[in-house]
Structures are given as structure tokens and as C-alpha cells.
Amino acid sequence: MSRAAVPGLPSRYPIGEQLPALYADDDFAQRFTAGLDTVLAPVFATLDNLPAYLDPRVTPTDFLAWLASWVGVADAPQWPVELRREAVVRAVELHRWRGTGRGLVEALHLALGVHAEVTGDGGATWSSTAGAELPPEPGAEILVRVWPAREARVDVVRVREIVRAMCPVHTAFRVEVLPAPPADEGR
């Protein structure tokens, strides 16, 4: 990411105009400060537009990767720019749901454009009643069913990578790819 001199970019704050009146007609002082204006104009333009740089929806593309690193998103340059922007916009929400079925479904949809369904709880149980009998031991595997949405096919290797990254470490999982939505899917 580099913000260098932009040919013809005028400075909003020309230094020559801010010098004491003594230097207003000094040709050397005006040429010297005009050279400084050329160097400082991109800096002023960047600072004047700082809110736009911090908004992932409009930030320059070369700044997007740095912005992604601020919110813990692995930037994938091979993704379309709009998808990369959406990942940064939704990063906090997805971090909040990390390790849950909802978070996994959202991450798969965002990254790969697939629909997904997660069944099983990965072996987690709880009780709202103090001193109650222990619940039966649940199955320790989750089942992730995916089917195409945005793309015509599902990249199973990428699905597994995302599931592995989004699930708690102790969780075993299985991935099934369906050709179409499940029959009881009402979306």
C-alpha cells in the first residue's frame, strides 16, 4: 500500500499562500514551497478522506487487506473485491458466532456461497437445573450438509478447511455435499 505523489493533485493548503507577505513575491520561495505542496498533497488528501479509508465498503482495494488484518479476517486476494469487503464488514459478527452452528453456516455462505445445515452439537451438553442428573452423553460428531447456491458446484476441500477453522478443536465433523436443498428446507 503506497500513497505517493499523484501528478496534478492540487494541495488544499498551499504552503506558499501561508508564508509571510515578505515571501509572496519571492520566486524561489514560491517554487520551493510548490515542490513541497506536490509531496504533501497526497498526505492531505489521505487525511481528509480518512473516514472513507476506515470503511471497508469504500476503502481503496490495496488498503482492504490491511483493514482485514485489524479485525482478524484472513484476506483472500483471489476472492472478488465485493466479497472481501463483505467479509471485513461482517467480521465482528462472525467472530461473535465462531464455534457455533450459526457461525459455521454464515462463514460457509460468505466464503463459498453455499447453503449449509449443521446438525449435532459436537458433544456439548448443559442443564439449567442445579444438581440435576447428568444428561445422556451426546454424540461427539457434527454433520455439516452443504449444497450449491452462488456457484454451480461445491468445493469440498474448501468446505472442510472452513469447518475445521470454525469448529472447536475437539470437535469431530463430517461433511456431506447435497445436489439440492434438503426436502424440508423452506427457504
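Which residues do ring pairs link into a cluster? In this predicted model, the answer is Tyr53, Phe63, Trp66 and Trp70. Keep those four in mind, but let's get our bearings before zooming in on them.

The protein chain has eight helices and three strands. Walk along the sequence and you meet them in the order α-α-α-α-α-α-α-β-β-α-β. Of the 187 residues in the chain, 28% are buried. The accessible surface adds up to about 12,200 Å², and carbon and sulfur atoms account for 59% of it. As for how the chain comes together, take the contacts between residues at least 6 apart in sequence: 58% of them join residues at least 24 apart.

Now for the rings. Searching the whole structure turns up five aromatic pairs. One of them is Tyr13 with Phe44, an edge-to-face pair with 5.3 Å from centre to centre and 80° between the planes. This pair ties together distant parts of the chain, since Tyr13 sits in the segment before α1 (15–18) while Phe44 belongs to helix α2 (residues 27–48), 31 residues apart. Are these two rings buried or exposed? Neither, quite: Tyr13 has 35% relative accessibility, so it counts as partly exposed, and Phe44, at 25%, also counts as partly exposed.

Tyr53 and Phe63 make another edge-to-face pair, again with 5.3 Å between centres and 80° between the planes. Here the link runs from helix α3, which holds Tyr53, to helix α4, which holds Phe63, with their positions 10 residues apart in sequence. Both Tyr53 and Phe63 are buried. This brings us back to the opening cluster, where ring pairs connect Tyr53 and Phe63 with Trp66 and Trp70.

Helix α4 deserves a closer look. Within its span, residues 61–70, the buried residues are Phe63, Leu64, Leu67 and Ala68. Looking down the helix axis, you'd see these buried residues fall within an arc of 150°, so they line one face of α4. The spacing follows a familiar rule: an α-helix has 3.6 residues a turn, so residues three or four places apart point the same way. And what do the buried residues of α4 pack against? Their partners are α3 (50–53) and α5 (81–89). Just past the end of α4, Gly72 adopts a positive phi of about 75°.

Two residues help fill in the surroundings of α4. Leu54 lies in the loop between α3 and α4. Its relative accessibility is 40%, which means Leu54 counts as partly exposed. Leu54 and Leu67 are 13 residues apart in sequence, with 7.2 Å between their C-alpha atoms. Setting aside neighbours within four places in sequence, Leu54 is in contact with Leu67 and Trp70. Trp70, you'll recall, is a member of the ring cluster.

The other residue is Arg85, which is found in helix α5. Would you expect an arginine to be buried or exposed? At 10% relative accessibility, this one counts as buried, because the cut-off for buried is under 20%. Beyond its neighbours within four places in sequence, Arg85 is in contact with Pro56, Arg57, Val58, Thr59, Pro60, Thr61 and Leu64. Leu64 is among the buried residues of α4.

Let's move on to the largest pocket, whose volume is about 440 Å³. Its lining takes in 17 residues, and those nearest its centre are Val73, Ala74, Trp79, Ala107 and Met166. Three elements give two or more residues to the lining: α6 (91–96), α7 (101–112) and α8 (156–166). Which of the elements gives the most to the lining? That's α8, with five residues.

Helix α8 also holds Val159. At 0% relative accessibility, Val159 counts as buried. Val159 and Leu108 are 51 residues apart in sequence, yet their C-alpha atoms are 7.0 Å apart in space. Once neighbours within four places in sequence are left aside, the contacts of Val159 are Leu108, Leu112, Val146, Val154 and Val175.

Note on methods
Residues numbered from 1 in each chain as written. Predicted model: local features only at pLDDT ≥ 70, side-chain atom pairs only at ≥ 80, totals over all residues. Heavy atoms only, no water. Buried < 20%, exposed > 50% of the residue type's maximum accessible area, 1.4 Å probe, protein only. Helix = DSSP H or I, 4+ residues; strand = E, 2+ residues; numbered from the N terminus. Arc of directions from axis to C-beta. Contact = heavy atoms within 4.5 Å. Areas by Shrake-Rupley, 256 points an atom, 1.4 Å probe, with all protein chains shown as cover. Phe/Tyr/Trp six-rings, centres within 6.5 Å; stacked < 30°, edge-to-face > 60°. 1 Å grid on protein atoms, 1.4 Å probe; cavity = no way out; pocket = protein on both sides within 12 Å on 5 of 7 lines; lining within 4 Å. Points joined across faces, edges and corners; volume = space filled by probe spheres on them.
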